[in-house]
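Good morning, colleagues. Today I should like to discuss the cysteines of one protein chain, and then one of its helices.

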Amino acid sequence: MFKPRHATPGGLRPEPFLYSVERTEEGVTLHWQGLTPPYQVEAASGVVDPVWQVIAGPVAGESLTLPADQSIEIFRVAASAPIYLGAKVCGACHYEKHQEWQETRHAGALETLKRIGMDKNQRCLQCHTVGLGLPTGFVSSEQTPQLGGVQCENCHGPGGQHIANLFDPSMRPKVTLAAETCGGCHTDAHHPTYDEWLDSGHAHMNEHVADYFLTRGESMMSRCGACHSGAVRLAMLERVEALADDPAAEIHYPTPEDAAYFTVECVVCHDAHADAGPHQLRNPTSSLENFSYQTSVDFAEQYNPDIQLCAQCHNMRGASWEDTSRPPHHSPQYNMLIGMAGYDPDGQLIQRAHTFLEDQCAHCHTHAHEVPNPTEETPNYTGHTFRPTFEGCAECHGSAEIGELLAEGARLAMDRRIAEVKALLDEWAATRAPEELRAKYGALAWEYTNVGELSNPGGEAVSGPDSDEQTLIPDVIKQARFNLYLVARDASGGVHNGAYARRLLQVAAELVQGELNAP
């Protein structure tokens, strides 16, 4: 899959980008990236008033090794001239996608400029039209009306060569999930969406998960890919769509390299072709139905499009108090928010104000706000670092400052309660655990086989009771540790649903205290 090396205004630009020159005694190897092959390699012997000479071409691929020549100082790569056609031509074959796209704000991007009198501003036009400043690209509304708006060729590259060579795979427009495609326009001080995303956890692949994809392939893609790899998740969603017409449809997994490369990119949450919801989101922003994605069950069997967007991944991942291998995954936020997560013998449903926020997670974590006269130092905020800014607190609590103080107070109180329950479990391990567990594991006698961070804050490879030894741990201790880790790994300090978090810790404390008080 195409991986653009940098973000450029207007989407995918056709000019070749020479990104690597490797010199050795034997030769020089060039690597570049482009959209319109074949290419021509040119060289010059000086950087001041260079005289360019063609030294290779046409070249179909995107790399070339040349004999060593110390007189050559600089290189560049030229490409065939782009041929832009306009979305209407694409729609002749891709009819359904074209119809969906016509309902999006991208389709009317040029009209947006006209309404504010900026449709002659070249800086604005580069992101509101197709191919501005390039051969066959947008010139004006009068001369090239077919290229107004953000169209297919902004994101997939010019389509002229494809139309002229329909059955040549090398001429097909590019398909990519990369955020760089969006980043060239959704940037700067006024709308720094891409810049913020780069600073978020979504932009970075967990190195251990990436290694799993690269070394274990589809077996790990099926388990972790739905939430850790944009390439895998979209492949799974494509299969869900295909099953509507073909009950035997199979998933077409990406290559391990693509699975490890593409993180939670823009298109994982936003559908560039459709306008199904606000901001072209793939799922709603709120829901109350319980959801816990089980990695051992087929994705299509579990997928629920009505579950809110963040909850698609930020859920308990099938965790149960009966699990013994490791604590619940670090993602129970949705289940904690709606009060449907831990073990409660009374089955109390505890939901509070944050549960019923209109946009739930997005209200605090993507609460966009503008600043007067935005600059690079003080830009607007679009919410795409996904870190709460407390601006959303002001609506109910009076100000962001009060919201932040309340959140910090809640966190301190929750940390104290977590420490109290852990202390009870440590006491049980030291005084009431079966003798063989106490002798072998000490304070870890209550822990999972893969000890969690509450007993192992440094993250070293530390083992607790193995699978056989876990049978010696009473169920009430397992239920208590499950609740404890759910609250800890919710990581909100009780802000998501404080009353429910306190209830789970109360249940945990009572369960452990009962064991400590037993004769």
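I shall take the disulfides, then the unpaired cysteines, and finally the helix. Please bear in mind that this is a predicted model.

How many disulfides are there? The count comes to two, and with bonded cysteines counted along the chain, the pattern is 1-2, 3-4.

Let us begin with Cys 127 and Cys 185. These two residues are joined by a disulfide with an S to S distance of 2.2 Å. The torsion about the S-S bond is -95 degrees, and the link is left-handed. It brings together distant parts of the chain, with the two positions 58 residues apart in numbering: Cys 127 sits in the loop between α4 (122-125) and α5 (152-156), and Cys 185 in the loop between α7 (180-183) and α8 (193-198). Are these cysteines buried or exposed? Cys 127 has a relative accessibility of 16% and therefore counts as buried. Cys 185, at 19%, also counts as buried, because the cut-off for that class is under 20%.

The other disulfide is formed by Cys 227 and Cys 313, whose sulfur atoms lie 2.4 Å apart. This link is left-handed too, with -95 degrees about its S-S bond. Here again distant parts of the chain are linked: Cys 227 belongs to helix α10 (residues 218-228), while Cys 313 is in the loop between α14 (299-302) and α15 (333-337), and the two are 86 residues apart. As for accessibility, Cys 227 is partly exposed at 25%, and Cys 313 is partly exposed at 23%.

I turn now to cysteines outside these pairs. Cys 93 takes part in no disulfide; the nearest cysteine sulfur belongs to Cys 90 and is 8.9 Å away. With a relative accessibility of 69%, Cys 93 counts as exposed.

Why is Cys 155 not bonded to Cys 182? The sulfur of Cys 182 is the closest cysteine sulfur to that of Cys 155, but the separation is 6.3 Å, which is too far for a bond because a disulfide requires sulfur atoms within 2.5 Å. Cys 155 itself is partly exposed, with a relative accessible area of 26%.

Finally, the helix. Helix α20 covers residues 475-490, 16 residues in total, and reaches 22 Å from its first C-alpha to its last, close to the 22 Å expected at 1.5 Å a residue. This helix is mostly covered, with 13 of its 16 residues buried. Just after α20 comes Ala 491, which takes a positive phi of about 60 degrees.

Thank you for your attention.

Methods: Residues are numbered from 1 along each chain as its sequence is written. This is a predicted model: local features need pLDDT of at least 70, side-chain atom pairs count only at pLDDT 80 or more; totals for chains, interfaces and linings use all residues. Side-chain values use heavy atoms; hydrogens and water are left out. Helices (H or I, at least four residues) and strands (E, at least two) are DSSP runs, numbered from the N terminus. The expected span of a helix is 1.5 Å times one less than its number of residues. Buried means under 20% relative accessible area, exposed over 50%, partly exposed in between (1.4 Å probe, protein chains only).
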